[in-house]
Amino acid sequence: MYRTHTCGELRISNVGQVVTLAGWVQRVRKMGSLNFIDLRDRYGITQLVADEHNKEVNDLVEKMGREWVIQAKGEVIERQSKNSKIETGEIEIKLHEVTVLNAAVTPPFTIEENTDGGEEIRAQYRYLDLRRAPLKRALELRHKMAHEVRNYLSNVGFMEIETPYLIKSTPEGARDFVVPSRMNPGEFYALPQSPQTFKQLLMVAGYDKYFQIVRCFRDEDLRADRQPEFTQIDCEMSFVEREDILNTFEGLAKALFKNVLGKEIQGDFPRISYADAMEFYGSDKPDIRFDMKMNTVTTLLQGNGFSVFDTAEYIGAIVAKGCAGYTRKQLDELTEWVKRPQVGAKGLVYIKLNPDGIKSSIDKFYTPEQLKAVADKIGAQEGDLILMLSGEKKKMQGALGTLRLEMGNRLGLRDNSVYAPLWVCDFPLLEWDDETQRFYAMHHPFTAPKPEDMEKFFSNRKEDLEQVNANAYDFVLNGTEVGGGSIRIHDSKIQERMFEVLGFSKEDADYRFGFIINAFKYGAPPHGGIAFGFDRFCSLFGGQETIRDYIAFPKNNMGRDVMLDAPSLIDNAQMEELFLVSTAKREEK
């Protein structure tokens, strides 16, 4: 037996017991005639002590370096100098004997709570970084959330069913990762961006409540909350309407808040339309932890000779409470901030409601009374600062929404320990692209139009199709889209119409999606579902913006695994076996 206890298990009640521990040497410290070892495993840290009377143990301890793997046997004694920062801090192990299980070279960075290793070097030695407590806590949280998801969904009648990883490539959405088939020369599988069609086929097959914690793959540009391979909580239900799905998965979210974070979320989650989300927050994933709603003030400010406003399609304003004291330097810096390409505004207009009167960057065009009328209309009071952007409506709504989030950050209003979930509903079904002169599905080609918009959906007028809303919904948490879903099309005629609107010929639609169109003809039930980004969910519960710490072996911003040095070239024999390129062409390259 390598160990009788873990390094996080022993307490004052174990004093007097002879125990055996095994783990990694966190550090060795010499204090007078005593040598101390902090021994670490997944469960915690226990202090070991070798006194001067045990020469054999002392000689061995003095040779040890960081991250040596050892087995230690000794008696549990009470510590004279207790450490309240660790759970085993009231005891230590008086060593009887030590066995070196594996000597280690010195790691390239410290395996501590706060390490001295940079991001790139830690990614290269990910197996060492995973020994650190922050990543251990992140993966423990992920494990607990997965366990709670399975418990909740199983208890309400869902079955976990696995779907294939080698599938057919389909258009729309992100780019596929493709896999060449040796047995079918010149043909390729795709890795699934989601199990969308399979879960719909499971509904046709009669499995009315399906879920899967599933790996998905998308060949797209990366950022902090996006990876080429990621995990979804994928779910589908039959014989349901939108309310059935929202209630079911609101219940899942509440169970996770309660059982993972110990937080009770009372009442129903707020629900707002996509149109209202854009109008008041400038985003389809609004952060409602703080107010500061956007206000449209176009008609209030046009017609006074200020050409920037007079020619604008949209003028929007937010109120920063208590910020009238902002200095000219602060306002100039904020003006430069909104001009950044990521924001996209050309400038910033402000109104300061000072105790001694109103001060604004547009004083020469407006009287104090006119500016006060704007303040009254949008609920600004003495001591507040009004910030305004103007221009093309859609673009400036997005820019003002970004400014709103920035002000929330600067004012400390986006507390990661506070959780504000909501549902955003009634998205547009279609997006028109001027460059390709065609519609694209805003969600995916299997999303149903809202029943009341069905007549417009079958219209051939572009203006009618642009007004069709999807029977779709997103779950948003703290300004992050965590999940999205919809009621699906279950009528083959409506599905065929969707492909027609998206510009697919009947032959192309049959080639790519014939299997699901045909399946619908055999009695598809009304159905719908949702998929949650599990990695994002975990990072939000952990109070972090990046998902990488919540994935055991993530990729970097270029989609590379720097630990494995992947992707990599394969040899000529493999290339030829897969019918990808001849040896001669390979050597030329």
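**Aromatic pairs and the open sheet**

Colleague: How many aromatic pairs does the count come to?

Modeller: This is a predicted model, in which local features need pLDDT of at least 70, side-chain atom pairs count only at pLDDT 80 or more, and totals for chains, interfaces and linings use all residues. Residues are numbered from 1 along each chain as its sequence is written, and side-chain values use heavy atoms, with hydrogens and water left out. Rings of Phe, Tyr and Trp (its six-membered ring) pair if their centres lie within 6.5 Å; planes under 30 degrees apart are stacked, over 60 edge-to-face and the rest tilted. By this rule the aromatic pairs number 24.

Colleague: Which kind of pair do Phe-158 and Phe-249 form?

Modeller: Both residues are buried, meaning under 20% relative accessible area (exposed is over 50%, partly exposed in between; 1.4 Å probe, protein chains only). Their ring centres are 5.9 Å apart and their planes stand at 65 degrees, so the pair is edge-to-face.

Colleague: Which strands stand at the edges of the open sheet?

Modeller: Strands are DSSP E runs of at least two residues, and helices are H or I runs of at least four, numbered from the N terminus; two strands pair if DSSP finds at least two bridges between them. The sheet has 8 strands in the order S6-S9-S10-S22-S21-S20-S17-S11, with mixed pairing. One side of each edge strand is left without a neighbour in the sheet, because each has a single partner strand; these are S6 and S11 (271–273).

Colleague: What is the bridge partner of Val-214 in S10?

Modeller: Strands S9 (residues 209–217) and S10 (residues 229–238) pair in the antiparallel sense over 9 bridges. In S10, Val-214 has as its bridge partner Gln-232.
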